[in-house]
Amino acid sequence: MIDGANKLFAKPWIWSFIGSFLVWLAAILFTGGYGAGGMITAALSLAVFTVVVGVGQMFVITLGPGNVDLSLPANIGLASAVAMKVMNGDDSMVAVGLIAAVACGLAIGIVNYLLIWALRIPPIIATLSASFIIQSVDISYGRGLQIKPPPGYADFANMQVFGVPILAIVTVLFTIGASIVLQRTVYGRSVLAIGQNIRAARLAGIRVGWTRLLTYAFSGALGGLNGALLAGYFRGANVDIGNEYLLASIAVVVIGGTSVAGGKANVPGIWGAALFLVLLLTMLNTFGVSAGVRLLLTGLIIVVVITAAGGQQKAIR
Amino acid sequence: MTAASTTSAQSAAPAMGRLNLPRMLRALLPALSLALVLLAIAYLNPRAISYFGFTLMLNLAIPIALATIAQMFVIAGNDLDLSIGAFVGFVSCVTATWLRDTPLIGILALLGCIGVYAALGALIYLRNLPSIVVTLGMSFVWQGLAILLLPKPGGKAPDWLLAIMSVKPPFVPFPILAALILAAVAYFGLMRTSYGAILRGSGGNAVAIGRAGWSLLRAKAALFALTGLFGVLSGLALIGITTSADANIGNGYTLLSIAGVILGGGEFVGGRVSPVGAVIGALTLALAASPLLTFMHIPPDWQVAANGAILIIVLAARVLISQKGAER
């Protein structure tokens with residue numbers, strides 16, 4: 001029993017769940033227990049979007065130091081516009097719209113890697129330059145876009161079963177799948193190996209280029225999917241719809257216990273960290289603080305959590 | 001990494017003449033891209049190439065160049081500051097309120113900001129933290145503080161600041177003079193002083209610098225403090241031009257400053273940065289983003305894309321040059 005508990009506490013992801021629980025507790029203590037369940041429902045539906053991009057970002061970050069996808073916000077913005085334009089408010093076009101959004105994200109991911117490969121530049125700069133261009137395409141393509149999502153699609157994005165959003169259930173299944181891919185497939189093991197030592201991985205015969213291409217494409221596709229989901233949930237596309245997901249996607253990866261040095265990933269931690277961030281905002285909102293204080297506290301708490309979670313090599317255990 | 005070390009090894013070889021050409025081309029690339037943008041502007045609108053034309057076109061380039069130099073210091077230490085835009089915004093809010101109404105508090109607050117930056121550098125070194133995440137978190141902190149200080153756009157720049165930023169020196173337009181001074185100061189500070197070499201070394205080979213007896217903690221804190229200092233100067237310059245502040249005024253600066261450093265020949269790893277190149281890179285981005293597009297009748301929607309395209313073109317040119325160098 002105690003042994004089991006010890007094992008549980010040794011898991012790096014457990015802390016993000018404990019953190020979320022404490023934040024939730026603080027919020028319902030403040031409201032006197034009012035809205036405790038609703039808070040979890042809301043947190044689950046919002047956390048989904050962070051988890052989807054967080055998983056993509058985690059695969060990219062696991063590739064090793066310097067690997068990060070900064071084009072996600074622009075990617076999400078463009079994909080949300082593409083999804084809404086293709087669906088054009090018509091329920092029968094939902095699947096086509098989703099495919100279009102994912103394809104758009106996939107293309108962005110592939111372009112990202114081509115830039116990294118062809119120009120031999122660090123991924124940060126490659127994804128950054130790509131995001132400049134995507135952002136402009138989005139501004140020009142999505143200007144004055146006022147298309148509402150198809151009613152059936154918007155309802156699906158907001159649907160719940162016994163207070164649990166459908167999207168959250170699907171996303172949990174998806175993260176389990178991602179976990180299996182990461183730990184049990186050749187591709188997933190290759191990602192981890194490249195992150196641990198890219199030269200050793202190459203000498204061991206791993207197809208480094210292909211694996212990296214697949215990873216950036218995967219992250220891009222998830223960004224596209226997220227754009228479509230966000231547009232459904234918030235009932236409309238928007239150039240700025242993805243802005244908060246730059247910080248959020250990187251933060252959930254790091255808070256969730258994935259090593260920024262690469263080679264060590266953690267899928268459950270992404271859920272814990274995403275719930276933590278969303279519940280943190282919910283708590284600050286229930287306390288009724290102003291926008292300035294909310295930003296200030298969010299930033300401070302992220303810095304404190306990162307500091308507490310500690311350095312990469314000097315991990316506590 | 002390997003490419004970088006081979007080029008430097010080549011330059012160290014005595015038979016320099018031939019081998020040095022790619023390296024020289026590479027060093028001249030930022031200046032060439034700026035010249036190209038200027039030529040395009042001159043072709044499209046000859047009247048812009050004048051004292052007043054440059055003053056107008058390059059005015060906003062001063063704060064961008066200062067923010068780029070700020071970013072350059074953290075990049076020299078293998079870190080990245082994703083909060084510089086929000087920080088410039090916060091500084092501009094302090095400048096337009098406290099620094100004007102109660103100068104003493106304003107000065108203390110700005111000095112405190114530099115102290116916070118130094119502390120961040122120390123924290124990142126001591127706990128071995130990823131600077132991207134810490135500075136992303138800090139960007140929320142600065143923005144929150146800016147909104148608390150100035151919930152609505154407003155405030156007013158101190159008169160002395162307005163006077164400085166509207167100086168009209170003879171013959172040379174003020175922005176160009178300011179850029180020259182900035183490039184010279186940053187160049188001599190980082191490239192020509194012995195402690196500057198230590199600072200760059202802490203990014204190039206931290207273990208070697210540590211074994212040589214220098215404090216890496218102090219180097220990291222110094223690099224971050226310098227970023228804070230130039231971030232403050234950037235905010236001051238920005239408010240001297242725009243005359244009033246807004247919490248979101250600096251948001252675009254984070255990406256512009258990183259792009260400027262890379263455009264100017266900097267690298268993310270190994271302490272390889274170029275102060276003169278960074279200033280030129282910032283000027284190129286500032287010119288290409290709006291005046292050039294305006295003269296080409298391209299809608300402002302594509303301003304950001306122009307920055308991305310320039311970045312990609314210059315980096316592609318750099319690859320071509322290095323490849324030629326490797327083939328010989």
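Which helix of chain A holds N226(A)? In this predicted model, N226(A) sits in helix α11, which covers residues 208–233 of chain A. Its relative accessibility comes out at 0%, so N226(A) counts as buried. Looking past the residues up to four places away in sequence, N226(A) touches F49(A), V52(A), V53(A), I76(A) and Y245(A).

Y245(A) turns up again in the surroundings of T50(A), a residue of helix α3 (residues 36–62) in chain A. Once the neighbours within four places in sequence are set aside, T50(A) is in contact with Y245(A), A248(A), V252(A) and A274(A). T50(A) has a relative accessibility of 6% and therefore counts as buried, the cut-off being under 20%. Y245(A) is thus a contact of N226(A) and also of T50(A).

Next comes the nonpolar interior. In soluble globular proteins, nonpolar side chains tend to be buried together. Here the largest nonpolar core has 199 residues, and I250(A) and I69(B) are the ones that touch the most other members. Helix α3(A) gives this core its largest share, with 15 residues. As for I69(B), its contacts beyond four places in sequence are L182(B), A186(B), F230(B), P275(B), A278(B) and V279(B).

Not every nonpolar side chain is tucked away, though. On the surface, a nonpolar patch is formed by V161(A), F162(A), V164(A), I169(A), V172(A), L173(A), I176(A) and I180(A), which together offer about 760 Å² of accessible area. Helix α8 of chain A (residues 166–184) makes the largest contribution to the patch, at 5 residues. One residue of that helix is I180(A). With a relative accessible area of 47%, I180(A) is classed as partly exposed, because that value falls between the 20% and 50% cut-offs.

What about charged pairs? Side chains of opposite charge can pair when their charged atoms come close. Over all chains, the structure holds 2 salt bridges. One of them joins D79(B) to K220(B), with 2.7 Å between the closest N and O atoms. This pair ties together distant parts of the chain, 141 residues apart: D79(B) is in the loop between α4 (61–76) and α5 (84–96) of chain B, and K220(B) is in helix α13 (residues 216–242) of chain B. D79(B) counts as buried, because its relative accessibility is 10%. K220(B) is buried too, at a relative accessible area of 14%.

A salt bridge also brings together the side chains of D159(B) and R100(B), at 3.7 Å from N to O. Again the pair links distant parts of the chain, with D159(B) in helix α9 (residues 159–165) and R100(B) in helix α6 (residues 98–101) of chain B, 59 residues apart. Is D159(B) buried or exposed? Its relative accessibility is 52%, so D159(B) counts as exposed. R100(B), at a relative accessible area of 31%, is partly exposed.

The two chains also meet each other. How many residues does each chain bring to the contact? Chain B provides 39 residues and chain A provides 42 residues. The size of an interface is often given as the accessible area lost when the parts come together. Between chain B and chain A, the buried area is about 3,700 Å², with carbon and sulfur atoms giving 80% of it. On the chain B side, V133(B), F140(B) and D301(B) supply 16% of the area that this chain buries against chain A, more than any other three residues. As for salt bridges across the interface of chain B and chain A, the rule finds 0.

Two further residues of chain B show how separation in sequence and separation in space can be set side by side. G115(B) is part of helix α7 (residues 103–126) of chain B, and a relative accessibility of 38% makes G115(B) partly exposed. G115(B) and F224(B) are 109 residues apart along the chain, yet their C-alpha atoms are separated by 9.2 Å. P130(B), in the loop between α7 and α8 (131–149) of chain B, counts as buried because its relative accessibility is 9%. From P130(B) to T97(B) there are 33 residues in sequence and, C-alpha to C-alpha, 33 Å in space.

Note on methods:
Residues are numbered from 1 along each chain as its sequence is written. Chains are lettered from A and ligands numbered from 1 in the order in which they are written. This is a predicted model: local features need pLDDT of at least 70, side-chain atom pairs count only at pLDDT 80 or more; totals for chains, interfaces and linings use all residues. Side-chain values use heavy atoms; hydrogens and water are left out. Helices (H or I, at least four residues) and strands (E, at least two) are DSSP runs, numbered from the N terminus. Buried means under 20% relative accessible area, exposed over 50%, partly exposed in between (1.4 Å probe, protein chains only). Contact means heavy atoms within 4.5 Å. A salt bridge is a side-chain nitrogen of Lys or Arg within 4 Å of a carboxyl oxygen of Asp or Glu. Patches are made of residues with over 30% relative accessible area and no salt bridge: like charges are joined within 9 Å, nonpolar side chains (Val, Leu, Ile, Met, Phe, Trp, Tyr) within 5 Å. Accessible areas come from the Shrake-Rupley method with a 1.4 Å probe; for residues, only the protein chains shown count as cover. A nonpolar core is a set of buried Ala, Val, Leu, Ile, Met, Phe, Trp, Tyr and Cys residues joined through side-chain atoms within 4.5 Å. Buried area is the accessible area (1.4 Å probe) that two parts lose on being put together, summed over both.
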